[in-house]
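User: Could you walk me through this model and explain the terms as we go?
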2 protein chains.
Amino acid sequence: MHDIFFAYVNQHSKYPLTKDEQSLITAAFQLKKLRKKQYFLQEGDVCRYTGFVVKGALRQFSVDDKGSEHIVNLFIENYWATDRESMIMLTPSQYNIDAWEDTELLLITRADMLDLMEKIPALVEMIRLMDERNAIATQRRVNSTISNAAEKRYEEFAINHPQFIQRFPQHIIASYLGITKETLSRIRKQAMK
Amino acid sequence: MHDIFFAYVNQHSKYPLTKDEQSLITAAFQLKKLRKKQYFLQEGDVCRYTGFVVKGALRQFSVDDKGSEHIVNLFIENYWATDRESMIMLTPSQYNIDAWEDTELLLITRADMLDLMEKIPALVEMIRLMDERNAIATQRRVNSTISNAAEKRYEEFAINHPQFIQRFPQHIIASYLGITKETLSRIRKQAMK
DNA sequence: AAAAAACGTTGATAAATGTCAACGTTTTTT
DNA sequence: AAAAAACGTTGACATTTATCAACGTTTTTT
């Protein structure tokens with residue numbers, strides 16, 4: 001299990017992991033299996049773990065006053081599932097994260113992660129890279145959301161995230177884009193011509 | 001000028017800057033003054049600098065096919081103005097950044113910043129903190145945008161960013177929220193009752 | 001002090017998107 | 001194999017938001 005993660009770290013750092021470092025990582029990350037629909041995080045709880053997705057798919061969503069779900073993030077293999085705000089601030093999360101498919105995660109607490117980062121330079125580099133990519137992707141998403149109508153948002157999404165279109169049903173994609181499933185259905189119908 | 005930045009770093013790190021570190025910083029950051037309306041970054045250019053805002057206010061915006069501007073970010077004192085995607089990927093920026101007020105920036109290239117980070121632990125810590133806060137704020141913004149109608153988005157914005165409401169006119173705020181200035185005007189009229 | 005530009009507001013109307021209900025199909029569960 | 005659940009689509013209609021044009025006020029420039 002951890003091998004997949006070692007490969008991921010090595011791909012994102014110029015310092016190959018030593019055997020000792022691999023042992024530290026194995027000790028700090030614990031494997032967690034989730035069945036489909038099982039929660040990884042529930043609204044109101046403080047998020048204690050960051051989860052590296054070894055296998056499977058998850059969604060992060062909030063629920064509004066009317067009970068409607070809004071998909072904030074989608075995660076598949078090699079993504080990091082967590083609510084950073086809750087984890088860092090130790091505040092109750094406004095989000096839920098649940099498994100959309102049977103999923104395997106490698107979990108680590110924030111304290112253990114900070115500890116590992118003092119010992120393993122490769123991890124620090126990998127996380128900085130992850131933060132950069134995340135910042136870029138989120139910036140793009142914000143720009144697309146405020147600049148474009150629903151149709152163009154969907155087009156850009158389909159180009160930037162073809163993997164998500166494979167793995168998640170349309171109503172989930174629609175919610176991620178901030179539109180209803182009916183609107184997305186009509187947009188796709190239009191686009192087919 | 002740099003004193004303000006030293007204070008900022010010390011506030012965001014548990015390692016106080018030494019005299020030597022301060023010298024390194026002074027050598028790497030150059031002061032740049034911008035008059036109101038002057039560009040810091042123009043669409044199509046590769047973003048070479050990160051700018052720490054010592055004084056003033058700027059906006060980052062994209063321009064769509066119809067020539068309309070869309071405000072992606074706003075910056076005031078103690079904010080970092082840059083286009084990370086362009087800077088990291090070395091690709092032409094899709095954004096413009098210009099001064100909304102007369103502004104003073106401390107500029108640093110990515111290479112110099114990476115160099116400084118190897119020498120100054122306080123900077124590394126400060127930047128990680130900055131990345132965390134940025135990730136949290138952007139996540140909130142995305143969630144608000146996909147979950148709420150214009151009125152609630154404005155309410156949340158007003159609560160989370162009262163400083164921006166002071167410094168920027170309504171049509172800029174409206175664009176930041178992804179709505180037109182007319183709609184924001186009507187929302188505010190409603191809310192007054 | 002005069003002129004120009006920027007800003008905010010309002011009304012009339014159009015366009016985009018949401019809501020609700022119904023239905024057929026596919027997938028999953030029993 | 002049957003039943004249930006999940007999914008996607010469509011129509012009718014309501015609501016939200018955008019667009020366009022006009023106008024008065026404030027701020028900036030000349």
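Analyst: Happy to; here is how the labels follow from the computed values. This is a predicted model in which local features need pLDDT of at least 70, side-chain atom pairs count only at pLDDT 80 or more, and totals for chains, interfaces and linings use all residues. Residues are numbered from 1 along each chain as its sequence is written, while chains are lettered from A and ligands numbered from 1 in the order in which they are written.

User: What makes A:Lys37 count as exposed?
Analyst: A residue is exposed if 12 or fewer other C-beta atoms lie within 10 Å of its own, buried if there are 20 or more, and partly exposed in between, with C-beta atoms placed from the backbone. A:Lys37 has 10 C-beta neighbours inside 10 Å, so it counts as exposed. This lysine is in the loop between β1 (30–34) and β2 (39–41) of chain A; strands here are DSSP runs (E, at least two residues), helices are runs of H or I with at least four, and both are numbered from the N terminus. Its phi is near 75 degrees, a positive value in a residue other than glycine.

User: And why is A:Asn78 called partly exposed?
Analyst: A:Asn78 has 14 C-beta neighbours inside 10 Å, and therefore counts as partly exposed. A:Asn78 sits in the loop between β5 (69–75) and β6 (80–81) of chain A, and has a positive phi near 75 degrees although it is not glycine.

User: How do you know how the two copies, chain A and chain B, are related?
Analyst: Copies are superposed by least squares on the C-alpha atoms of residues with pLDDT of at least 70 in both. Chain B can be laid on chain A with an RMSD of 0.0 Å by a turn of 180 degrees and a shift of 0.0 Å along the axis. The copies are thus related as by a two-fold rotation axis.

User: Why do you say the copies meet through the same surface?
Analyst: Two residues are in contact if their C-beta atoms, placed from the backbone, lie within 7 Å. The contact takes 21 residues from each of chain B and chain A. On the chain B side, β5 (69–75), α3 (84–89) and α5 (121–147) each give two or more residues, and α5(B) gives the most, with 13. Since 100% of the interface residues of chain B are also interface residues in chain A, the copies meet through the same surface.

User: What makes α8(B) roughly perpendicular to α9(B)?
Analyst: Angles of 65 to 115 degrees count as roughly perpendicular, under 35 as roughly parallel, over 145 as roughly antiparallel and the rest as oblique. These helices pack at about 105 degrees with their axes 8 Å apart, which makes α8(B) roughly perpendicular to α9(B). The axes are lines fitted to C-alpha atoms over the stretch in contact, and angles run from 0 to 180 degrees between N-to-C directions. B:Gln170, B:His171, B:Ile173 and B:Ala174 of α8(B) make the contact with B:Lys181, B:Thr183, B:Leu184 and B:Ser185 of α9(B).

User: Which residues come closest to DNA strand C, and what makes a residue near?
Analyst: Near means that the C-beta atom, placed from the backbone, lies within 6 Å of the strand. DNA strand C is surrounded by 16 residues, the closest being A:Ala149, A:Ala150, A:Thr183, B:Pro169 and B:Ser185. The largest share, six residues, comes from α9(B).

User: And which element gives the largest share near DNA strand D?
Analyst: There it is α9(A), with six residues. Of the 16 residues around DNA strand D, the nearest are A:Pro169, A:Gln170, A:Ser185, B:Ala149 and B:Thr183.
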